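User: Could you walk me through this model step by step, explaining each term as it comes up?

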Amino acid sequence: MLEVHQFPCLSDNYGFLLHDHDSEETVCIDTPDADEYLRQAGKKGWQITQIWNTHWHPDHAGGNETIKRVTNCSVTGPKAEADKITGIDRMVGQGDVIRIGDRKACVIDVGGHTLGHVAYHLPGARMAFVGDSVFALGCGRMFEGTPEQFWTSLKRVKALPAETMLYCAHEYTAANAKFAVHADPDNAELAGYVEEILKHRAHDQPTVPMKLERELATNPFLRADNPRVQARWGGGDAVATFAALRRAKDDFRG
């Protein structure tokens, strides 16, 4: 059985420890705060055996060195960013398979936020760790990629089974919801989703993970191929519409 232990760290990150009760392996999904990861693993009585990095940013790989020194764990990360990731032992890319115990995780290229960003999909557990590629009602800023690359990446996420639970790395949902309503104001399902989000955040409850099925119906960035969204944003096609949405979100002050 797999268990995900989720906890807040830094200012708005989520930390994730993925534990396989059969093999007793424990994976850190990214390492934004080494001390907090080690503390949380200790509280659970789990021994960290692996780190899976999604991309090179310090709030995702900054704790690698300390955790590896303390636990002697192995580090897996995107091969396109290996020169920026401390302690990397295994470099992976699109289509590669890694494991926690007997459970397989499929590596997905989701470049765009950074050029080599990857996600880890565990089909048997119906979960995917998507880093900063997709957020609840949003997506990561396009720091290094192009609209074409980022949209191709989002299509890979869209193609996962609809029941997949997406574990993203930040609690950005309330802010994303404001832009989503601006971007797609006539979306009735979005309106209901936003109500739930605001209730959760009012009680300091997480909005992560989120089900892909709901994001497909409400997340404007995943809906750049929707004719209604395209008409509103004048994109003409999915890539141009995604680019227009991303520019608008970058400038949004709602």
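The questions below deal with a sheet, then with the empty spaces.

Analyst: This is a predicted model, in which local features need pLDDT of at least 70 and side-chain atom pairs count only at pLDDT 80 or more, while totals for chains, interfaces and linings use all residues. Residues are numbered from 1 along each chain as its sequence is written, and side-chain values use heavy atoms, with hydrogens and water left out.

User: In what order do the six strands of the open sheet lie?
Analyst: Strands (E, at least two residues) and helices (H or I, at least four) are DSSP runs numbered from the N terminus, and two strands pair if DSSP finds at least two bridges between them. The pairing in this open sheet is mixed, and strand 1 (2-9) and strand 6 (90-92) are the edge strands, each pairing on one side only. The order of the six strands is 1-2-3-4-5-6.

User: Which residue in strand 5 is the bridge partner of Q50?
Analyst: Strand 4 (residues 50-52) pairs with strand 5 (residues 74-78) in the parallel sense, over three bridges. In strand 5, the bridge partner of Q50 is S74.

User: What is the volume of the largest cavity?
Analyst: On a 1 Å grid over the protein atoms alone, a cavity is a set of points where a 1.4 Å probe fits but cannot get out, whereas a pocket is an open set with protein on both sides within 12 Å along at least five of seven lines; lining residues have an atom within 4 Å of a point. Grid points are joined across faces, edges and corners, and a volume is the space filled by probe spheres set on the points. A search of the whole structure finds one cavity of 30 Å³ or more. The space in the largest cavity is about 70 Å³.

User: Which residues lie nearest the centre of the largest pocket?
Analyst: The largest pocket has a volume of about 310 Å³, and helix 9 (238-251) gives the largest share of its lining, three residues. Of the 18 lining residues, those nearest the centre are C139, R141, Y172, R246 and K249.

User: How many charged residues are in the lining of the second largest pocket?
Analyst: Asp, Glu, Lys and Arg count as charged, Ala, Val, Leu, Ile, Met, Phe, Trp, Tyr, Cys and Pro as nonpolar, and the others, Gly among them, as polar. The second largest pocket has a volume of about 200 Å³, and strand 1 gives the most to its lining, with four residues. By class, this lining has six nonpolar and four polar residues, and its charged residues number four.
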